[in-house]
Amino acid sequence: MLGARGGWRALRRCASLPRAVRLRVREALRAREPADAVMVQGWVRSVRSQKEVLFLHINDGSSLESLQVVADPSLEKRDLTFGSAVEVQGKLVKSPHRMQNMELQAETIRVVGPCDIWSFPLKMKERHPLEYVRQFPHLRCRNNTLGALLRIRSEATAGIHSFFQDNGYVHIHTPIITSNDCEGAGELFQIEVKAKDSAEKTHFFNVPAFLTVSGQLHLEVMAGAFTHVFTFGPTFRAENSQSRRHLAEFYMVEAELSFTESLQDIMQVMEDLVKTVTSTVLSKCPRDVELFHKYIAPAQKGRLEQILKHKFMIISYSEAVEILKQAPQTFTFKPEWGCDLQTEHEKYLVKHCGEVPVFVINYPYNLKPFYMRDNEDGPQHTVAAVDLLVPGVGELCGGSLREERLPFLESRLQRLGLTNTYQWYLDLRKFGSVPHGGFGMGFERYLQYVLGVDNIKDVIPFPRFSHSCLL
Ligand code: 4AD
């Protein structure tokens, strides 16, 4: 009996060919026993025709490795080319090659969908650079690197959900359409109905509505009834940036914890999340990760191993500015207390701390959004904010304790002229307010960090950024 890991439950009888068992490539490669009537479907990654034998490699997205098919040359057809979609039926046998466990001896090969190889932009056996395949968002998933990325993305997503569920968090679907600007930075995409009648002046929702920049404020609502909540969904920022770490649409993981008075608690969750999900990804898709660490970022593997072993560092914003001021290099943006840390500053700080992740805490009050908790600490007035900086990427997470004290929040909102907009948020501080805090982690930046990918556009299936919305 064929003993694919996961057993016979993983196998399906094929409706069109009653006696053939349909296997995914991954199942076929991992099978422990030969099997007589097997069918595999997928796309041809290579074709090599010799006098005595025809070799194919088929991939169906279930694994990085393709399944070798061995066939009689009489089965070769004109449209059996690289890129074509095929269905192969035959015997699964032990492979004589050391590098693979099983191979398929084809009895029939059906070309389900031919591929015009002359105009197909991917070429057989070529290692296309990421910048090249980026031009073809509708085809690049057929490339090994993007295939590996998408499987890693899928496992990391599952790992993030498991991390929170295992730690007792409730998953909340926060809305994509919202009437607030959580970060107050004005980087909003406004939503309007496509005008049928240009005389139509009223808003669909009666108020201006936007794509969310963060689910935080909605999570804070829920943190008034559930002590641990999280959300993980798309967020949108109209940042006019072409940088290698900004997108207009990206995924954010956000958590909110009630009954917490210390940034330390928030930082502990961030650190545990990053380490646990990274370990999960490394153990669930070792071959896919290896591809990145071998061809895209050769030093990344060792760096990650180091990071998983050591505690992340903590420095205050004021210490960070002092370190920058004493740096032997000149920065484009001169470091000054009260100014935002720029990418060049973040990079230097991470290097200064020994290329390990660093939490920077307690930022100037005037730099940060209205919801952050006032530290009431004299002339260098700060809030209980934290950013996590990581090697190669810079800011990975941003979080804070939230201002839970009604008078503090009221006076800040009043000064910003936002009291009416945030009446409901003030209400939360009137009805059982508790000290609480949370953070958001950019999912694409997380993937950049783990895989060592330089450009954020290469870690999301369909990148959206200013001047580009392909497909
Ligand atoms: O630091 P940010 O702006 O924090 C918030 O939005 C908070 N409301 C989150 C919270 O406390 N619940 O964004 C969080 C993270 C950043 O650290 C960064 O990793 C990522 O989101 N991020 C982006 N990723 C890709 N493209 C962009 N344009 C991004 N802007 C932020």
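How many salt bridges are there between domain 1 and domain 2? The count is 1. I will come back to that salt bridge after a word on the layout. Please keep in mind that this is a predicted model.

First, the layout. The chain is split into two domains: domain 1 covers 15-113, and domain 2 covers 140-458. Their C-alpha centres are 45 Å apart.

Next, the interface between them. On the domain 1 side, 8 residues make contact, and they meet 8 residues of domain 2. Together the two domains bury about 650 Å², and carbon and sulfur atoms account for 40% of that area. Which three residues supply the most of what domain 1 buries against domain 2? They are Arg45, Leu64 and Glu65, with 71% of the area on that side, more than any other three residues.

Glu65 brings us back to the salt bridge. Its partner is Arg287, and the closest N and O atoms of the pair are 2.8 Å apart. So Glu65 appears twice here: it is one of the three residues just named for buried area, and it forms the salt bridge with Arg287. Polar contacts across this interface come to 4 residue pairs, counting pairs with both residues at pLDDT 80 or more. As for the make-up of the domain 1 side that touches domain 2, there are 2 nonpolar, 4 polar and 2 charged residues.

Now the ligand. How many residues surround the ligand? There are 24, and the closest are Glu183, Gln216, Glu239, Glu254 and Glu395.

Three atom pairs are worth pointing out on the screen. At Leu396, a backbone N or O atom sits 2.8 Å from an oxygen atom of the ligand. At Arg402, the side chain takes part: one of its N or O atoms is 3.0 Å from a ligand oxygen atom. At Phe439, the backbone is involved again, with an N or O atom 3.4 Å from a nitrogen atom of the ligand.

Is the ligand mostly buried or exposed in the protein? On its own the ligand exposes 630 Å², and the protein buries 94% of that.

To close, the two places to look at are the interface with its salt bridge between Glu65 and Arg287, and the ligand with its 24 surrounding residues.

Technical notes:
Residues numbered from 1 in each chain as written. Predicted model: local features only at pLDDT ≥ 70, side-chain atom pairs only at ≥ 80, totals over all residues. Heavy atoms only, no water. Domains from an automatic or database assignment. Contact = heavy atoms within 4.5 Å. Buried area = accessible area lost by both parts, 1.4 Å probe. Salt bridge = Lys/Arg side-chain N within 4 Å of Asp/Glu carboxyl O. Polar contact = N/O pair within 3.5 Å; in protein donor to acceptor, adjacent residues only side chain to side chain. Nonpolar A, V, L, I, M, F, W, Y, C, P; charged D, E, K, R; others polar. Near = heavy atom within 4 Å. Areas by Shrake-Rupley, 256 points an atom, 1.4 Å probe, with all protein chains shown as cover.
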